[in-house]
Amino acid sequence: MRWDEFFVTGDPMIYAADASIVLATIAIVAVLTYFKKWKWLWTEWLTTVDHKKIGIMYILAALLMMFRGGVDGLLMRIQLAAPEMKFLESEHYNQIFTTHGTIMILFMAMPFIFGMINVAMPLQIGARDVAYPWLNALSFWLFFAGAMLFNLSFVIGGSPDAGWTSYTPLASLEHSPGVGQNYYLWGLQLSGIGSLASGINFIVTILRMRAPGMTLSKMPMFTWSVLITSVIIVYAFPILTVALALLTFDRMFGTHFFTVDGGGMPMMWVNLFWMWGHPEVYIVILPAFGIFSEIVSTFSRKRLFGHNAMVISMIAIAGLSFIVWAHHFYTMGAGPGVNSFFSVSTMLIAIPTGVKIFNWLATMYKGRISFTVPMLWTLAFIPNFVVGGVTGVMLAAAPADYQYHNSYFLISHFHYVLIGGVVFGMIAGLYYWWPKLFGFKLNERQGKHGFWWFMIGFNLTFFPQYILGLMGMPRRIYMYTNTDWSALNMASTIGTFMQGVGFLIICYNIYWSIRYAPRTNEADPWNGRTLEWAIPSPAPYYNFSRIPEIKEMDPVWYAKKRGEKVIDGPLEKFHMPSNSGVPVIMGGLFFVFGFGFVFGWFWMAIPAFIGILICMATRSFDYDDGYYVSVDEVKKIEGV
Amino acid sequence: MTKKGLVKLGAILPFLLLLLTGCTEKIDVLDPKGPVAQEQYNLILWSFALVSLVLIVVFVLFTIILIRYRERPDNMDYEPPDTHGNTKLEILWTLIPVIIVMALAIPTVQITYGLEKKPEQEPMKIQVVAADWKWIFKYPEQGIETVNYVNIPAGQKINFQLDSTANMNSFWVPKLGGQEYTMPGHTGYLMLQADEPGEFDGKSANFTGEGFAHMNFKVIAQKPEDFDKWARETKATAPKLTDEKFQEIIKKGILEERLTFSGTHDDSVIETVHQYRKKTGESGGHEQH
């Protein structure tokens, strides 16, 4: 392979990206060296097993990826702003929409939910960490390795360009001969294994590590959503792992699972992809539902309406999520029986979702609603998600879907549910739990500006796309000639820039608040209800100096009413897990392993794999089982 | 926040107006020109009416609750009641979506089966081949072949048989009816009909790579007698489609012009096209490594 095949060449934007990557790397290294922060970085962050720090790293990565995916979106919208634009070539546009989709789902939404879960779930159940802190760190580093590998394709070797769904035969070696598709396969494979491990970790944490007295029926709604999500992860992700492995075999070793000749079936990929892909959208939406439930209740000063109905609805959604996958390809023509079944099963999802919407409304009914930034995002979620949801019901009707499928109507639908649901939820959660992590609130005034820019821009971007879809504009075209589509496309592009402004305001909001916001260190800044608001802010590394006894739902709220303390009793020494450098090293080795496979360089992949085995052996013979935190240290930290 | 509710309603209204005023000529899906598109249009309208009901109820409740129960300087000492839930209400708002879903599911299933019903008279057959990146239409009964346009007799059901030489595309003529995938190695079909003569946009809907956006076609519906005349003349006067010519056409590449041939390609060419490619090394790109 020649060097100009290795590096992506010929496009000024790519050279600019090369330069900015090199400069940013030099800048980071220089700053760390100048301020002598290497040791701090290693001991405090890279080797940490503290779920809160891992959560922060997930969120940071998610915001970075949101920036990358957002820039992809902006570039696409510039190209589509007017007919016959010459801004991007077809090849470049195809790469950009592929990376936009893949990054937004797998490297933005997924780490964002894992970040929120890591930050809040152990605090809500009164645990000092997750069940397997070491594995938790490994999950993060696997995700990070996968994300970096995928992003590297932009400058080395070329990005995948067969869509985030990567349908065969287009994604086969015959039609996508470059290394881009290999990046897709290995980037997803590595982060997918991390996700699966996280799912197992969270299930065990929730089932085994709740504070005494916190029965499942007294568990906070966000934690419930995490439990159900984790179960979906454990059932769905192995399907992705297998599908990716089979396609990798096809591409690397000449097997015929998804080829047209040699007895393969391209549609099998489509089935497997969506058997994972549909549960995946519920994996990202359910934790957002959990966050909204917490926030609605807190800022209405009212208990969440219908706790049991909310839980049953989520379980129903989780169950249904596994029997609707074929609605992504009604137009395969599997016959009226199949299409009828999947139409009806898809429509059924509207029922539990509708129940949830009404229960949120009922929670606000007779409440006292304060419009804080987290509540604004939650309130905006309701109408926007309902628009996305009802158009989902319209799409569920198979004969009508024959007209919406692959059109901008579909694009608009899933952006309404994924942005209006997941992104709004994650930003709401970020504002809500920020003071617990850092001891100060993000500036509310700036936050509201960011919110309105994003909200209005979002609707301006995606509402016109419903009509464009009905006008017959197919998705994934890099260029159109039909001038009837110009006005709505231009509106959509303007909306995208408004969303970009909103995102920048939110980033500035974070930067400004870190520098200037007053450090109030209030334990309970929002007048909260659940256990995380009983411990000091910022949360100490051990979370709970004493594990509270739980008697009811919303223990902090009712304890405040009665003037009681939730965390009380004599201090005793307790046990915590030690940090470990092995997960981050393993992450690095997995990255090298994946990179070797992307280019088919076994001389690189095999030593990396041996390194991974050595790491696993090291872990197996590691007899460091943690340390004790003394009463004196707790007294010192909590100032008692 | 009340403003936002209004903004949302304002966004829906133009859509409703579009439907009501019939200003839908440019909105292909809402301007059906054949029975299949018509049935799908009816279902779309019915589903839109049902979901509009849901939208109105949710938006009205949402707006009222936000106005009525927002925090104001004068209600700061109001302490909300400690309600846990209300079984009757929750059953009610479980049943409402159940009814709405049933109201949509029943016609959906009926139309799904209805559209698959065998027509009484044997429809005319046209074989569609999606190649990268052009559409090929073979008239086995007339013995002619066209590229990037397809003439059909109006008022008659056409059975489009869908095939692909390379990637999976999707055959879509919005004004005549919804789309169907064209899968390599598997023949699908789509029954469409144009009621009146006219010209309709046909599209590629499923992404197939570099030339995807350039792969469009026209459906031209003619009076049956005009169609017969055209078919006869084409058969007599158009250049003959040779094997070499056909191989040249299906080679990977953008081809936007309209072509017309007498004679047709041999179906076995499509079946063996992948093996054919392997033999001649025309994989459409350089090999890896």
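**Figure 1. Burial and overall form of chain A.** Of the 640 residues of chain A, 59% count as buried in this predicted model. The C-alpha trace of chain A spans about 70 × 60 × 45 Å along its principal axes. Its radius of gyration is 24 Å, which agrees with the value near 26 Å for a compact globule of 640 residues.

**Figure 2. Secondary structure and contacts within chain A.** Here we follow how the chain is built up. Chain A has 21 helices and two strands. Take the contacts of chain A between residues at least 6 apart in sequence: 82% of them join residues at least 24 apart.

**Figure 3. The annotated stretch of chain A.** An unreviewed UniProt entry lists residues 36-551 of chain A as "domain: Cytochrome oxidase subunit I profile". Within residues 36-551, the chain is 68% helix and 0% strand. The C-alpha atoms at the two ends of this stretch lie 48 Å apart.

**Figure 4. Where chain B meets chain A.** Let us now turn to the interface. In the model, 80 residues of chain A are in contact with 86 residues of chain B. On the chain B side, the elements that give two or more residues are helices H1 (2-21), H2 (35-68), H3 (87-114) and H7 (273-280), together with strands S7 (177-182) and S9 (198-204). Helix H2(B) gives the most to this side, with 15 residues.

**Figure 5. Residue classes on the chain B side.** This view stays with the side of chain B that touches chain A. Its residues divide into 43 nonpolar, 29 polar and 14 charged.

Technical notes. Residues numbered from 1 in each chain as written. Chains lettered and ligands numbered in written order. Predicted model: local features only at pLDDT ≥ 70, side-chain atom pairs only at ≥ 80, totals over all residues. Helix = DSSP H or I, 4+ residues; strand = E, 2+ residues; numbered from the N terminus. Rg over C-alpha atoms; globule rule 2.2 N^0.38 Å. Buried ≥ 20, exposed ≤ 12 C-beta atoms within 10 Å, placed from the backbone. Contact = placed C-beta atoms within 7 Å. Nonpolar A, V, L, I, M, F, W, Y, C, P; charged D, E, K, R; others polar. UniProt positions renumbered as here; feature names shortened; annotations may be inferred.
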